[in-house]
Amino acid sequence: MKLNDLMKATNNFCKDNIMGSGRTGTMYKAVLEDGTSLMVKRLQESQHTEKEFMSEMATLGSVEHRNLVPLLGFCMAKKERLLVYKYMSEGTLHSQLHPAEEGAKEMEWPTRLKIGIGAARGLAWLHHTCNPRIIHRNISSKCILLDADFEPKISDFGLARLMNPVDTHLSTFVNGEFGDLGYVAPEYTRTLVATPKGDVYSFGTVLLELVTGERATHISRAPESFKGNLVEWITELSNNSSLHDAIDQSMVGRGFDGEIFQVLKVACNCVLPAPKERPTMFEVYQLLRAIGEKYHFTAEDDILMPTNSSDVDNLEELIVAREAKEHQ
C-alpha cells in the first residue's frame with residue numbers, strides 16, 4: 001500500500017488518531033477516501049533488511065483465524081514500516097476494562113468470558129495449529145482488540161521477529177523488551193528465551209484483569225503499602241485464603257460467581273512461577289470453553305488436539321485433579 005495514501009488516511013499520523021501504542025509501535029485509525037476504516041501500525045525502527053521484512057510479511061499475511069486481527073497489507077518506504085489491519089471498532093480490551101473517563105459502564109461477565117475464551121482460542125491456534133507455530137511474546141490486554149460484537153482478535157502476533165535482536169543486557173528486559181510490565185513471565189529475566197509457557201503466563205494475567213477489573217501493574221483495591229503487580233496481589237490473597245476478594249465487585253452476586261471463580265482458578269494456574277506447572281494454551285482454551293459451555297460462544301472448533309500425547313494426558317490429569325478439588 002502507498003505511503004501517501006496511508007499518510008492521508010491517518011491525517012499524517014495525527015496523535016488524535018492513535019488507538020494504542022506498545023513495544024512494537026503505534027496503532028492509528030485510518031480512514032480511506034471512500035470512507036473505509038482501517039488500522040495502521042507504524043512499527044518502531046527495525047534493523048531488518050527489506051528482504052527479511054518482505055519474507056515476514058508473506059508469512060504473517062497467510063496467517064488467518066477468526067480470533068486474529070487480519071493483516072490486509074503493508075507499506076515499506078525509506079525507514080517507514082507500516083502494517084495495515086482490518087479496523088476493530090471497540091478498540092483494545094485494555095481501554096474497555098480500564099476506560100479513561102469516569103463512570104463508564106462496567107463490562108458484564110458474559111462479555112468478559114466470551115473475550116477470554118475467544119482470545120484463548122486464537123492463542124492456542126498460534127501455539128498448536130498454525131504452521132509455522134508462533135509464540136506471541138507480547139500478550140497483554142492492549143494487543144487484544146474487539147470488533148463490533150466484542151469478538152476478540154489478537155494483534156501483534158509474529159511481530160517479535162521484526163523487532164531488533166534482544167540485547168541480553170537486563171535493562172532492555174526491564175524496559176519491556178519482552179513485553180509490557182506486569183505480563184512478563186518471571187523466568188524470562190533468567191533465561192531471556194521466549195517460550196509458549198511464557199505466553200501462557202501473560203495470558204493468565206489478562207484473565208486476572210478480566211476477573212478483577214484491575215490493571216496488571218497498579219492495583220486500586222490493594223493497601224497503599226502494597227507495591228506489587230496484579231499476580232503478586234493475587235498470590236497474597238490466595239495465601240491468605242481470601243481469593244474471593246479479588247473478584248470485581250461490579251460482578252459479585254449476579255448469578256455468575258461460580259463461573260468467575262473457576263476462571264480465576266484457571267488464571268492462577270497460568271501464572272504459577274514454575275513454567276512446567278502451567279497448563280498449555282490448548283488446555284487453557286479447553287478449560288475456559290467448558291466453563292462457558294452454556295453460552296454457546298464456540299459454534300465450530302478449529303483447534304487440533306496436540307499431537308504430543310503428554311499434552312493430552314496432562315489435560316486429562318488436570319481436569320480430574322480439578323474435579324477432585326471441587327468435591328473436597
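What follows is a walk through a predicted model of one protein chain, from its overall make-up down to single residues.

The broad picture comes first. The protein chain has 328 residues, and buried ones make up 50% of them. Its secondary structure adds up to 11 helices and 7 strands. As for how the chain meets itself, take the contacts with a separation of 6 or more: 63% of these involve residues 24 or more positions apart.

Next comes the nonpolar interior. The largest nonpolar core holds 78 residues, and the ones touching the most other members are L126, F203, W233, I234, L264 and L288. Helix α4, which runs over residues 109–128, is the top contributor to this core, giving 10 residues. Another core lies apart from it, made up of 11 residues that include L6, A9, F13 and V40. Back in the largest core, L264 makes a handy example. Once residues up to four places away in sequence are set aside, L264 touches L208, V211, I234, L243, A246 and I247. One of these partners, I234, is itself listed among the core members with the most such neighbours.

There is open space to look at, too. The second largest pocket has a volume of about 420 Å³. A total of 22 residues line this pocket, with L97, H98, E106, G213 and S220 lying nearest its centre. By type, the lining splits into 9 charged, 8 polar and 5 nonpolar residues.

Some single residues deserve a visit of their own. I144 sits in strand β6, which covers residues 144–146. With a relative accessible area of 1%, under the 20% cut-off, I144 counts as buried. Neighbours within four places in sequence aside, I144 is in contact with G91, T92, L93, I115, A119, P152, K153 and V206. The C-alpha atoms of I144 and S155 are 6.2 Å apart in space, and the two residues are 11 apart in sequence.

R278 belongs to the loop that links α9 (257–270) and α10 (281–291). Is this arginine, R278, buried or exposed? R278 is buried, because its relative accessible area is just 2%, and buried means under 20%. The side chain of R278 has a partner in that of E187, the two being joined by a polar contact of 2.8 Å. Leaving out neighbours within four places in sequence, the contacts of R278 take in A185, P186, E187, K197, G198, V200, Y201, N269, C270, L272 and P273.

Another arginine, R289, is found in helix α10. R289 is partly exposed, at a relative accessible area of 28%. Along the chain, R289 and R121 are 168 residues apart, yet 8.9 Å separates their C-alpha atoms.

A further charged pair involves strand β5, which spans residues 80–86 and includes E80. The side chains of E80 and R42 are joined by a polar contact of 2.6 Å. Beyond residues up to four places away in sequence, E80 touches R42 and C75.

Finally, the backbone has a few quirks. Most residues other than glycine have a negative phi, and most peptide bonds are trans. Against that background, the peptide bond running from N131 to P132 is cis, with omega near 5°. P132 itself is in the loop between α4 and β6.

Two residues other than glycine show a positive phi here: N12, with a value near 55°, and D156, at about 70°. Where do N12 and D156 lie? N12 is in the loop between α1 (3–9) and β1 (18–22), while D156 is in the loop between β7 (152–154) and α5 (170–174). Their surroundings can be set side by side as well. N12 is exposed, with a relative accessible area of 54%, whereas D156 is buried, with a relative accessible area of 6%.

Methods. Residues are numbered from 1 along each chain as its sequence is written. This is a predicted model: local features need pLDDT of at least 70, side-chain atom pairs count only at pLDDT 80 or more; totals for chains, interfaces and linings use all residues. Side-chain values use heavy atoms; hydrogens and water are left out. On a 1 Å grid over the protein atoms alone, a cavity is a set of points where a 1.4 Å probe fits but cannot get out, and a pocket is an open set with protein on both sides within 12 Å along at least five of seven lines; lining residues have an atom within 4 Å of a point. Grid points are joined across faces, edges and corners, and a volume is the space filled by probe spheres set on the points. Ala, Val, Leu, Ile, Met, Phe, Trp, Tyr, Cys and Pro count as nonpolar, Asp, Glu, Lys and Arg as charged, and the others, Gly among them, as polar. A nonpolar core is a set of buried Ala, Val, Leu, Ile, Met, Phe, Trp, Tyr and Cys residues joined through side-chain atoms within 4.5 Å. Buried means under 20% relative accessible area, exposed over 50%, partly exposed in between (1.4 Å probe, protein chains only). Helices (H or I, at least four residues) and strands (E, at least two) are DSSP runs, numbered from the N terminus. Contact means heavy atoms within 4.5 Å. A polar contact is a pair of N or O atoms within 3.5 Å; within protein, one must be able to donate a hydrogen and the other to accept it, and residues adjacent in sequence count only if both atoms are side-chain atoms.
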